[in-house]
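Q: Got a minute to go through a model with me? I'd like to start with the overall build and then poke at some details.

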Amino acid sequence: MAKNVRIVPASGSIYLTADGYDITGSVVLRTLGDTEDLEFSTGGDQPALLISKTSGRIGVGTVSASAKLEVSSSVDEDLLLIKNASGSIKVNQEGVLVLSPYQGDVTAVSGALIYSASNLFIGS
């Protein structure tokens, strides 16, 4: 947990650091340019989270979100994972949508996709 907070008004930045560390490698919260957009990063070139007040967009791993929610990565890793105790939806590193097998009785839902026992069901 961060124990030290350094505020740098000239850059619009707040640095959260552990005891005995300088701002290198710290978690940074800063405004971008002359906007009120916020960026969280770990001090490197790649931001962790961008919140754009102007456009109302959120970017994960990007400095400029081109959609309401954009997830971007420069490394070979899964882009998105949504899960609970019943199943998951994932977009893997190749951009492939992966559904976990549905367990139990299928309830008809208009517009739904369900993968169960090697079958793909599309609700109408």
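A: Sure, let's go from the overall fold to charges, the pocket and a few pairs of residues.

Q: Before anything else, is this model predicted or experimental?

A: This is a predicted model.

Q: OK. How many helices and strands does the chain have?

A: There are twelve strands and zero helices. Read from the N terminus on, the elements go β-β-β-β-β-β-β-β-β-β-β-β.

Q: And how much of the chain counts as buried?

A: The figure is 16% of the 124 residues.

Q: Let's switch to charges. How many salt bridges turn up in the whole structure?

A: A search of the whole structure gives two. In one, the side chains of glutamate 39 and arginine 30 meet, with 2.8 Å from N to O. In the other, lysine 90 meets aspartate 78 through their side chains, at 3.5 Å from N to O.

Q: Where do lysine 90 and aspartate 78 sit?

A: Lysine 90 is in strand β9 and aspartate 78 is in the loop between β7 and β8, so their pairing ties together parts that are twelve residues apart in sequence.

Q: Are those two buried or exposed?

A: In between. Lysine 90 is partly exposed because its relative accessible area is 26%. Aspartate 78 is partly exposed too, with 36%.

Q: What about glutamate 39 and arginine 30, buried or exposed?

A: Glutamate 39 counts as buried because its relative accessibility is 6%, under the 20% cut-off. Arginine 30 has 21%, so this residue counts as partly exposed.

Q: Which buried residue has no salt bridge?

A: Glutamate 70 is one: this residue is buried yet has no salt bridge. Glutamate 70 lies in strand β7, which covers residues 69-71.

Q: How far off is the nearest side chain of opposite charge?

A: That would be arginine 57, and the distance is 7.1 Å. A salt bridge needs a nitrogen within 4 Å of a carboxyl oxygen, so that pair doesn't make the cut.

Q: Then what does the side chain of glutamate 70 reach?

A: The backbone nitrogen of serine 66, at 2.6 Å.

Q: New topic: pockets. What volume does the largest pocket have?

A: About 290 Å³.

Q: Which residues lie nearest its centre?

A: Ser88, Ile89, Ser100, Tyr102 and Leu113, out of a lining of 14 residues.

Q: Which strands supply the lining?

A: β8 (80-84), β9 (87-91), β10 (97-99) and β11 (113-116) each give at least two residues to the lining of the largest pocket.

Q: And what does the lining look like by class?

A: Eight nonpolar, five polar and one charged residues.

Q: You listed Tyr102 for the pocket. What lies 3.4 Å from its backbone oxygen?

A: A polar atom of the side chain of serine 116. Serine 116 is in strand β11.

Q: Is serine 116 buried or exposed?

A: Serine 116 counts as buried because its relative accessibility is 14%.

Q: Now for pairs apart in sequence. How far is lysine 90 from leucine 80 in space?

A: Their C-alpha atoms are separated by 5.5 Å, and the two residues are ten apart along the chain.

Q: What about glycine 111 and glycine 123?

A: Those two are twelve residues apart in sequence and 4.8 Å apart in space, C-alpha to C-alpha. Glycine 111 is found in the loop between β10 and β11. Glycine 111 is exposed because its relative accessible area is 62%.

Q: Where does serine 124 lie?

A: In the segment after β12 (119-122). With 88% relative accessibility, serine 124 counts as exposed. C-alpha to C-alpha, serine 124 is 9.8 Å in space from leucine 113, and the two are eleven residues apart in sequence.

Q: Last one, back at the other end. Where is isoleucine 7 placed?

A: In strand β1, residues 4-8. Isoleucine 7 is exposed, with a relative accessible area of 58%.

Q: How far is isoleucine 7 from arginine 30?

A: 9.7 Å from C-alpha to C-alpha, with their positions 23 residues apart in sequence as the separation. That's the same arginine 30 that meets glutamate 39 in a salt bridge.

Note on methods:
Residues numbered from 1 in each chain as written. Predicted model: local features only at pLDDT ≥ 70, side-chain atom pairs only at ≥ 80, totals over all residues. Heavy atoms only, no water. 1 Å grid on protein atoms, 1.4 Å probe; cavity = no way out; pocket = protein on both sides within 12 Å on 5 of 7 lines; lining within 4 Å. Points joined across faces, edges and corners; volume = space filled by probe spheres on them. Helix = DSSP H or I, 4+ residues; strand = E, 2+ residues; numbered from the N terminus. Nonpolar A, V, L, I, M, F, W, Y, C, P; charged D, E, K, R; others polar. Buried < 20%, exposed > 50% of the residue type's maximum accessible area, 1.4 Å probe, protein only. Lys, Arg positive; Asp, Glu negative; His and termini not counted. Polar contact = N/O pair within 3.5 Å; in protein donor to acceptor, adjacent residues only side chain to side chain.
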